[in-house]
Amino acid sequence: MNKRLQFLLMIVALLATVATADAQQSADPRVADLVRAGKLRAALPLPQYTKDPVTGEIRGHGTGTVTVQIAHALAARLGVEVQLVGYPTPTGVVECLKAGACDMGFLGINPSRAAAVGFAPPHMLVPFTYLVPAGSSIRSVAESDKPGVRIAVVRNHESTLALSRVIKHAELVYAETPDPTFDLLRNGHADAFAGALPPLLAYSTQLPGSRVLEDRYGANIHAMAVPKDKAGRLAYISEFIEEAKASGLVQRAIERAGQPGIRVASPGNPIAQK
């Protein structure tokens with residue numbers, strides 16, 4: 001390599017270094033810490049992810065395939081990499097955010113969580129309903145609310161919190177995660193399985209003759225959440241989410257995920273989205 005070419009390559013490398021430094025210095029101050037770190041630590045609760053038993057790699061699953069696409073879009077806008085972190089419950093995601101162990105997370109909006117973390121505008125809604133076994137006499141949510149009826153639910157899940165506000169007489173039977181909750185129904189220890197529509201449709205294929213009810217008792221309002229003390233980051237992400245909805249990015253993510261029953265959240269008050 002001649003000296004002239006070496007000199008030109010050196011100049012190119014120097015200009016690239018300067019450009020990178022300028023980009024970092026000119027990064028929006030609300031997210032400058034994420035740009036400096038070079039990564040976006042995004043937390044997901046079950047059942048939004050699966051974990052490779054060999055490599056330990058976290059991948060989006062179910063509605064998580066939508067949220068992971070959105071996380072990657074945000075990271076691309078920031079010019080950083082995504083690092084997915086999985087937790088068995090939404091409470092774990094909240095604790096992660098409070099401890100500063102993750103930069104943002106995906107959660108269902110509810111008043112108790114809003115007191116602990118900051119929520120961006122919602123990006124999608126997931127209806128709540130029931131899966132009932134073959135031969136069940138339960139045709140609606142109202143028909144299930146009777147003494148002696150047992151409803152299997154995931155402890156601390158948004159669908160369970162919503163159901164607890166409307167059920168007066170039926171008994172809620174708890175499990176810690178979705179698979180054992182489904183086992184309660186499959187093994188005859190519950191008369192219905194309450195939860196989000198997409199996973200219930202998937203579980204119905206494993207229980208011949210079962211059916212998913214047509215009516216709903218609520219919806220999971222999905223949103224990005226950040227630590228409570230990160231007001232600047234929240235403002236930046238809120239702008240990103242509104243743009244992502246308006247541009248069709250969220251709708252395309254839902255379509256690519258192939259998740260039936262999910263719709264894009266409209267702008268406005270998150271509580272009014274239910």
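Thr-129 is buried in this predicted model, at a relative accessible area of 0%. The residue belongs to strand S7. Its contacts beyond four places in sequence include Phe-193, Ala-194 and Gly-195. Leu-197 and Leu-200 also touch Thr-129. So do Val-212, Leu-213, Asp-215, Arg-216 and Tyr-217. Tyr-217 lies 88 residues from Thr-129 along the chain, yet the two C-alpha atoms are separated by 6.0 Å.

Two of these partners, Leu-197 and Leu-200, are among the buried residues of helix H9, which spans residues 197–204. Pro-198, Tyr-203 and Ser-204 complete the buried set of H9. This set packs against S7 and helix H8 (178–186). Strand S10 (192–196) and strand S11 (211–212) are further packing partners.

Strand S7 covers residues 124–132, and His-123 sits in the loop that links strand S6 (117–119) to S7. His-123 is buried as well, with a relative accessible area of 0%. Leaving out residues up to four places away in sequence, His-123 touches Thr-67, Ile-70 and Phe-106. His-222, Ala-223 and Met-224 are also in contact with His-123. The list continues with Ile-241, Lys-245 and Val-250, and ends with Arg-263, Val-264 and Ala-265.

Ile-70 and Ile-241, both touched by His-123, also take part in a helix–helix contact. The helices concerned are H3 (residues 64–78) and H10 (residues 231–247). Two packed helices are described by the angle between their axes and the distance between the axes. Here the axes come within 11 Å and cross at roughly 115°. The crossing of H3 and H10 is right-handed. Helix H3 contributes Ile-70, Ala-73, Leu-74, Arg-77 and Leu-78 to the contact. Helix H10 contributes Tyr-236, Ile-237, Phe-240, Ile-241 and Glu-243. By class, eight of the contact residues are nonpolar, none is polar and two are charged.

Val-31 touches residues from this same contact, namely Leu-78 and Tyr-236. Arg-233 is another contact of Val-31, neighbours within four places in sequence being left aside. Val-31 lies in the loop between helix H1 (3–25) and helix H2 (32–37). Its relative accessibility is 2%, so Val-31 counts as buried. Ile-237 is 206 residues away from Val-31 in sequence, but their C-alpha atoms are 9.1 Å apart in space.

One disulfide is present in the structure. Cys-96 and Cys-102 form the bond, with an S to S distance of 2.1 Å. Both cysteines fall under the 20% cut-off for burial. Cys-96 is buried at a relative accessible area of 3%. Cys-102 is buried at 1%.

Asn-156 presents a backbone feature of note. Most residues other than glycine have a negative phi. The phi of Asn-156 is near 70°, a positive value in a residue other than glycine. Asn-156 is located in the loop between strand S8 (150–154) and helix H7 (158–164). At 38% relative accessibility, Asn-156 counts as partly exposed.

Confidence was examined along the chain. The average pLDDT is 87, and 88% of the residues score at least 70. Over residues 5–25, pLDDT stays under 50. For that stretch the model has three contacts beyond four places in sequence.

Technical notes: Residues are numbered from 1 along each chain as its sequence is written. This is a predicted model: local features need pLDDT of at least 70, side-chain atom pairs count only at pLDDT 80 or more; totals for chains, interfaces and linings use all residues. Side-chain values use heavy atoms; hydrogens and water are left out. A disulfide is a pair of cysteine sulfur atoms within 2.5 Å. Buried means under 20% relative accessible area, exposed over 50%, partly exposed in between (1.4 Å probe, protein chains only). Axes are lines fitted to C-alpha atoms, for helices over the stretch in contact, and angles run from 0 to 180 degrees between N-to-C directions. Helices (H or I, at least four residues) and strands (E, at least two) are DSSP runs, numbered from the N terminus. A crossing is left-handed if the near helix is turned anticlockwise from the far one by less than a right angle, and right-handed if clockwise. Contact means heavy atoms within 4.5 Å. Ala, Val, Leu, Ile, Met, Phe, Trp, Tyr, Cys and Pro count as nonpolar, Asp, Glu, Lys and Arg as charged, and the others, Gly among them, as polar. pLDDT is the predictor's confidence in each residue, from 0 to 100.
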